[in-house]
Amino acid sequence: QQVDLRGRWWVSYVLPATCDFSCAQTLQTLPRLRATLGRERDRVGLLLIRTEGSADVALPQPSSDVRVLSLTSQQLAGIGLTRSALSPWFIMDPLGWVMLRYQPPQTHAESLLRAQLLLDDLQKLLKASRIG
């Protein structure tokens, strides 16, 4: 599974145990975020990580741009990620390193602000990066 993820930047989200408003907002916001990247969107994918305790929710259809990865809690901890009540958003580089972390939104207005912050940082990383 790891080899399959190499070569792209990933906006990642670990699905929480229960899908509340924050989770629902995230599942609507993150797929749209990639579309706003313009010509750089092919360098970025959406990675949704499911663990044995994750909520059972309808996810976007897996494709080359959206991946759903199933990991155990031990595997998740092995790559430095955790599942919590408020699972944060992550930007992962093409080598699998978590570069930035964002708290998930609690309101619709917060969702737009957090998405804009993530987008701004991602665009800077893509501009400065020679990989992915």
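Buried means under 20% relative accessible area, exposed means over 50%, and partly exposed lies in between. The exercises below apply this cut-off to a predicted model.

**Exercise 1. Classify arginine 34 and its salt-bridge partner as buried, exposed or partly exposed, and state which parts of the chain the pair connects.**

Solution.

Step 1. Arginine 34 has a relative accessible area of 14%. Because buried means under 20%, arginine 34 is buried.

Step 2. The partner of arginine 34 is aspartate 65, and the closest N and O atoms of this salt bridge are 3.2 Å apart. Aspartate 65, with a relative accessible area of 22%, is partly exposed.

Step 3. Arginine 34 belongs to helix 2, whereas aspartate 65 lies in the loop between strand 2 and strand 3 (66-70), so the salt bridge ties together parts that are 31 residues apart in sequence.

Step 4. The pair also belongs to a network of salt bridges that links Arg8, Arg34, Asp42 and Asp65.

**Exercise 2. Find how many salt bridges the whole structure holds, and describe the ones formed by arginine 43 and by glutamate 110.**

Solution.

Step 1. A search of the whole structure gives five salt bridges. As a general principle, side chains of opposite charge can pair when their charged atoms come close.

Step 2. Arginine 43 pairs with glutamate 40, with 2.9 Å between the closest N and O atoms. Arginine 43 counts as buried because its relative accessibility is 19%, while glutamate 40 is partly exposed at 23%.

Step 3. Glutamate 110 pairs with arginine 114, with 3.1 Å between the closest N and O atoms. These two residues are four residues apart in helix 4, so about one helical turn separates them. Glutamate 110 is partly exposed, its relative accessible area being 25%.

**Exercise 3. Locate the disulfide, determine its handedness, and compare the accessibility of its two cysteines.**

Solution.

Step 1. The structure holds one disulfide. This bond joins cysteine 19 to cysteine 23, with an S to S distance of 2.2 Å.

Step 2. The torsion about the S-S bond of cysteine 19 and cysteine 23 is about -90°, and the disulfide is therefore left-handed.

Step 3. Cysteine 19 has a relative accessible area of 31% and is partly exposed. Cysteine 23, by contrast, is buried at 1%.

**Exercise 4. Describe the largest nonpolar core, and identify the elements that supply its residues.**

Solution.

Step 1. The largest nonpolar core has 23 residues, of which Val11, Tyr13, Leu30, Leu33, Val44, Leu118 and Leu122 touch the most other members.

Step 2. At least two residues of this core come from each of strand 1 (9-14), helix 2 (21-35), strand 2 (44-50), strand 4 (89-92) and helix 4 (108-128). Helix 4 gives the most, with five residues.

Step 3. Another core, of eleven residues, lies apart from this one and includes Val14, Leu47, Leu71 and Leu81.

**Exercise 5. Determine what surrounds valine 11 and leucine 30, leaving aside residues up to four places away in sequence.**

Solution.

Step 1. Valine 11 touches Leu30, Leu33, Val44, Gly45, Leu46, Leu47, Phe90, Leu118 and Leu122, when residues up to four places away in sequence are not counted.

Step 2. Leucine 30 is found in helix 2. With a relative accessible area of 3%, leucine 30 is buried.

Step 3. Beyond its neighbours within four places in sequence, leucine 30 is in contact with Val11, Tyr13, Leu46 and Trp89.

Step 4. Leucine 30 and arginine 6 are 24 residues apart in sequence, and their C-alpha atoms are 20 Å apart in space.

How values were computed. Residues are numbered from 1 along each chain as its sequence is written. This is a predicted model: local features need pLDDT of at least 70, side-chain atom pairs count only at pLDDT 80 or more; totals for chains, interfaces and linings use all residues. Side-chain values use heavy atoms; hydrogens and water are left out. A nonpolar core is a set of buried Ala, Val, Leu, Ile, Met, Phe, Trp, Tyr and Cys residues joined through side-chain atoms within 4.5 Å. Buried means under 20% relative accessible area, exposed over 50%, partly exposed in between (1.4 Å probe, protein chains only). Contact means heavy atoms within 4.5 Å. A disulfide is a pair of cysteine sulfur atoms within 2.5 Å. A salt bridge is a side-chain nitrogen of Lys or Arg within 4 Å of a carboxyl oxygen of Asp or Glu.
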